[in-house]
Amino acid sequence: MSAHLDQTLAPLLAERRAAHLYRTRKTLQSPQTPEVIVDGKKYLAFCSNDYLGLANHPEVINALAESAKQFGVGSGASHLVAGHSSEHHALEEELAAFTGRDRALLFSTGYMANMGAITALVGQGDAVFEDRLNHASLLDAGLLSGARFQRFLHNDLNNLQARLDKTEAGRKLIVVDGVFSMDGDCAPLPELAALAQKNDAWLMVDDAHGFGCLGKNGSGSAEHFGLTQNQLPILMGTLGKAAGSFGAFIAGSETLIESLIQFARPYIYTTAMPPAVAAATRASLRLIQTEHWRREHLNQLIAHFRRGAFAMGLQLMDSFSPIQPIVIGDEAKTLAIAEQLAERGILIVAIRPPTVPVGGSRLRITFSAQHTFAQVDQLLGVLGDVMSREMSDVPHD
Ligand SMILES: *Cc1c(COP(=O)(O)O)cnc(C)c1O
């Protein structure tokens, strides 16, 4: 007879807690803005992925409300049954046009888009090559696909080529984050595209953190590097980050999209997102394309932070994206620093394994176009105090 459920699970929780890896949730009592309220206390937050400050934008809110009045709340069915509304369809067409692809297909979440695309494209007898710092959803999808799953060293084209040289797989799929979610650096996409073409492999890019932020018009990593559909045939983007809404999409050729509609199980067997969410995303797409000042201001904030941090001797990563992590290393120390920052009114999340490699615990600082220079200065001031105290090894606890 198997042990009681709770008796089996409890020691594992205790172990995780002892390793300083235990996760807890903060309950927000406010919208996602630079100033959030948690447990009745106001914090200056640098931890959301709402990079352009659109999650709480009046036009986006209004689009959601108006559409809900027209379409109701629930879509009522999956896309293939009867849940595909004109709002979803219009958003797909706008996403295709925006990314310069033939077509786009909406998914309910980015996790599902990655799972759906990878498992539809490769299986037994094939091989999937992933950067070792890829997002968990890409790694999970690669494992689930049944294809031979290989991870190559971060942004290391030689390591990837060596693995491609050895494979005898039928289909070869190379998958990377466009902007790496925990480091903030970019994949070398032009080189990867050339390497994929040379090796008869397909390139897929997860642009969760590039979409909205990179490129002159904000359409992401492909625009930033000028990569066509031919060079980058499988483009994934999420709508819950810079777009400030919810959901995700895959963009590419007519044949790719039709194949996903037929074979991507996380597309087929799930309820379509509420049409009003698609309508809200359409409003935010318009803002992404017209309000260039959001990207410009965001880039100025990032540059301002990096200058200030360098001046204080803080070690930053090679990132020009809104993700500006400070690696601390030790889990307990990272947690202690995050706690001290919170005591001083600054909310930054301590990111620990398995989200990042062991020994790579970090403060993941993210910026939004809604932040002001004064708020970045406030962050730098508090960070300077807390880090210098922590690094001079005053024992915590
Ligand atoms: C957030 C994220 C996802 C998942 O997207 P959701 O819409 O939140 O499910 C996928 N890939 C990357 C790189 C991400 O950062």
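Here a biologist and a modeller talk through the ligand site and the strand pairings of a predicted model.

Biologist: Happy to start with the ligand! Which residues come nearest among the 14 around the ligand?

Modeller: The shell counts 14 residues, taken as those with a heavy atom within 4 Å. Five of the 14 come nearest, and they are Gly110, Tyr111, Asp206, His209 and Lys241.

Biologist: Thanks! Which residue has a polar side-chain atom 2.5 Å from a nitrogen atom of the ligand?

Modeller: Let's go through the polar contacts. Gly110 uses a backbone N or O atom, 2.7 Å from an oxygen atom of the ligand. Lys241 uses an N or O atom in its side chain, and that atom is 2.6 Å from a ligand oxygen. The polar side-chain atom 2.5 Å from a ligand nitrogen belongs to Asp206.

Biologist: And how much of the ligand's accessible area does the protein cover?

Modeller: On its own, the ligand has 370 Å² of accessible area. Of that area, the protein covers 81%.

Biologist: Good to know. Which helix gives the largest share of the shell around the ligand?

Modeller: By class, the shell holds nine polar, three charged and two nonpolar residues. The largest share from one element is three residues, and they come from residues 110-121, helix α5.

Biologist: Let's move to the sheet. Which strands stand at the edges of the open sheet, and why is one side of each left without a neighbour?

Modeller: Three antiparallel strands make up this open sheet, in the order β10-β13-β12. The edge strands each have a single partner strand, so one side of each lacks a neighbour in the sheet. From one strand to the next the twist averages 30°. The edge strands are β10 (323-329) and β12 (349-351).

Biologist: Lovely. Which helix packs on the sheet?

Modeller: The helix touches β10, β12 and β13. Its direction makes about 35° with that of β13. This helix, residues 331-343, is α14.

Biologist: Which residue in β13 is the bridge partner of Ala350?

Modeller: β12 pairs with β13 (residues 361-366) in the antiparallel sense, over three bridges. In β13, the partner of Ala350 is Leu363.

Biologist: One last puzzle: which strand do two bridges join to β2 in parallel?

Modeller: β2 (residues 41-45) also pairs with β1 (residues 35-38), but that pairing is antiparallel, over four bridges. Those two strands form a hairpin with two residues between them, and Asp39 in the turn has a positive phi of about 50°. In the parallel pairing, Leu44 has Ile346 as its bridge partner. The strand, residues 346-347, is β11.

Terms used: Residues are numbered from 1 along each chain as its sequence is written. This is a predicted model: local features need pLDDT of at least 70, side-chain atom pairs count only at pLDDT 80 or more; totals for chains, interfaces and linings use all residues. Side-chain values use heavy atoms; hydrogens and water are left out. Two strands pair if DSSP finds at least two bridges between them. Axes are lines fitted to C-alpha atoms, for helices over the stretch in contact, and angles run from 0 to 180 degrees between N-to-C directions. Contact means heavy atoms within 4.5 Å. A polar contact is a pair of N or O atoms within 3.5 Å; within protein, one must be able to donate a hydrogen and the other to accept it, and residues adjacent in sequence count only if both atoms are side-chain atoms. Accessible areas come from the Shrake-Rupley method with a 1.4 Å probe; for residues, only the protein chains shown count as cover. Ala, Val, Leu, Ile, Met, Phe, Trp, Tyr, Cys and Pro count as nonpolar, Asp, Glu, Lys and Arg as charged, and the others, Gly among them, as polar.
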